[in-house]
Amino acid sequence: MSEAIEILKSCDAFLEGHFLLSSGRHSSAYCQMAYLQQYPDRCAEVMAPVAARIRELGADVIVGPAMGGIVYAYELARQTGLRAIFTERVDNVMTLKRFAIHPGEKCIIAEDVVTTGISSLETKRAIEEAGGICLGITCVVDRTKPEAPSPIPILASALKLDLPNYAPEECPLCKEGKLPLVHLGSRKMSQQAKQTL
């Protein structure tokens, strides 16, 4: 685990500041996983323990939600010999636009970072609507908290980080007013999250 965080830092994939997460919550740290993807050898090294866990689960397909999960689904599939596909948004709804899941296929969702697990529910719905079985989530970084667990089981992660995140009205960084709030994610923010900017 400590080796994984050192690799993330070496790629500038672990940032510190004042960030708006895709969940709408605020944090003093942000994992910019796209930066890890610049270095395939380091990405492969970080994902190796996750791939080892996947081999034990009897999965058929690894599903990466666009954009953040695509490369990780591919890398995990490369290491395990499974099939990799991705979901993507069509009219802001997560869909299996390009791929098919055959009824009964066991699927694992590959995410970059999981904070609340809410985003993965959209991909789980797409899997189940296609007749697939969602076994759970794997991710590079698990940021979930015991008091707010993911609604879908997290089967494996390269790194578990206990980084504080706050509801906008409780954010100490906002109260200090020293650091501007930065939004680096790709998901469309909810109206409530936009109002915090």
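Me: Which residue takes a positive phi in the hairpin of strand 1 and strand 2?
Reply: Happy to start there, keeping in mind that this is a predicted model. Strand 1 and strand 2 run antiparallel and are joined by five bridges, with Leu-15 standing opposite Tyr-30. The hairpin has five residues between the strands, and the one with a positive phi, near 95 degrees, is Gly-24.

Me: What is the order of the strands in the open sheet of four strands?
Reply: Let's build it from the pairs. Strand 2 is joined to strand 9 by two bridges in the antiparallel sense, with Tyr-166 as the bridge partner of His-26. Strand 1 pairs with strand 2 through five antiparallel bridges and with strand 10 through two parallel ones. The pairing is therefore mixed, and the order is 9-2-1-10.

Me: Which strands stand at the edges, each with a single partner strand?
Reply: The order 9-2-1-10 belongs to an open sheet. Each strand at its edges has a single partner, so one side of each is left without a neighbour in the sheet; these are strand 9 (165–166) and strand 10 (182–183).

Me: Which residue of strand 10 stands opposite Leu-20?
Reply: Strand 1 covers residues 14–20 and pairs with strand 10 in the parallel sense over two bridges. In strand 10, the residue opposite Leu-20 is His-183.

Me: How many of the six residues of strand 2 are buried?
Reply: Strand 2 has neighbours on both sides, since the order reads 9-2-1-10. Strand 2 (residues 26–31) is largely enclosed by the rest of the structure, because its buried residues number five of the six.

Me: Where in helix 2 does the kink lie?
Reply: Helix 2 spans residues 40–55 and bends by about 45 degrees. The proline Pro-49 follows shortly after the kink, which lies at Ala-48.

Me: At what angle do helix 2 and helix 3 pack?
Reply: On the helix 2 side, the residues that meet helix 3 include Cys-43, Ala-44, Met-47 and Ala-51, which are also among the buried residues of helix 2. Across from them, helix 3 brings in Tyr-72, Leu-76 and Gln-79, among others. The crossing is right-handed, the axes are 9 Å apart, and the angle is about 65 degrees.

Me: What covers the buried residues of helix 2?
Reply: The buried residues of helix 2 include Val-46, Val-50 and Ile-54. Two other helices take part in the cover, namely helix 1 (2–10) and helix 3 (70–80). The cover also includes strand 3 (61–65), strand 6 (106–114), strand 7 and strand 8.

Me: How many residues apart in sequence are the parts tied together by Glu-122 and Arg-89?
Reply: Glu-122 forms a salt bridge with Arg-89, their closest N and O atoms being 2.9 Å apart. Glu-122 lies in helix 4 (residues 118–129) and Arg-89 in strand 4 (residues 83–90), so the pair ties together parts separated in sequence by 33 residues.

Me: Is Asp-142 buried or exposed?
Reply: Asp-142 meets Lys-160 in a salt bridge of 3.4 Å, N to O. Lys-160 is partly exposed at 41% relative accessible area. Asp-142 has a relative accessibility of 8%, and because the cut-off is under 20%, Asp-142 counts as buried.

Me: Is Glu-56 buried or exposed?
Reply: Glu-56 shares a salt bridge of 2.9 Å with Arg-53, which is partly exposed at 30%. Glu-56 itself has a relative accessibility of 58%, and because the cut-off is over 50%, Glu-56 counts as exposed.

Methods:
Residues are numbered from 1 along each chain as its sequence is written. This is a predicted model: local features need pLDDT of at least 70, side-chain atom pairs count only at pLDDT 80 or more; totals for chains, interfaces and linings use all residues. Side-chain values use heavy atoms; hydrogens and water are left out. Two strands pair if DSSP finds at least two bridges between them. A salt bridge is a side-chain nitrogen of Lys or Arg within 4 Å of a carboxyl oxygen of Asp or Glu. Buried means under 20% relative accessible area, exposed over 50%, partly exposed in between (1.4 Å probe, protein chains only). The bend at a residue is the angle between axes fitted to the seven residues ending there and the seven starting there. Contact means heavy atoms within 4.5 Å. Axes are lines fitted to C-alpha atoms, for helices over the stretch in contact, and angles run from 0 to 180 degrees between N-to-C directions. A crossing is left-handed if the near helix is turned anticlockwise from the far one by less than a right angle, and right-handed if clockwise.
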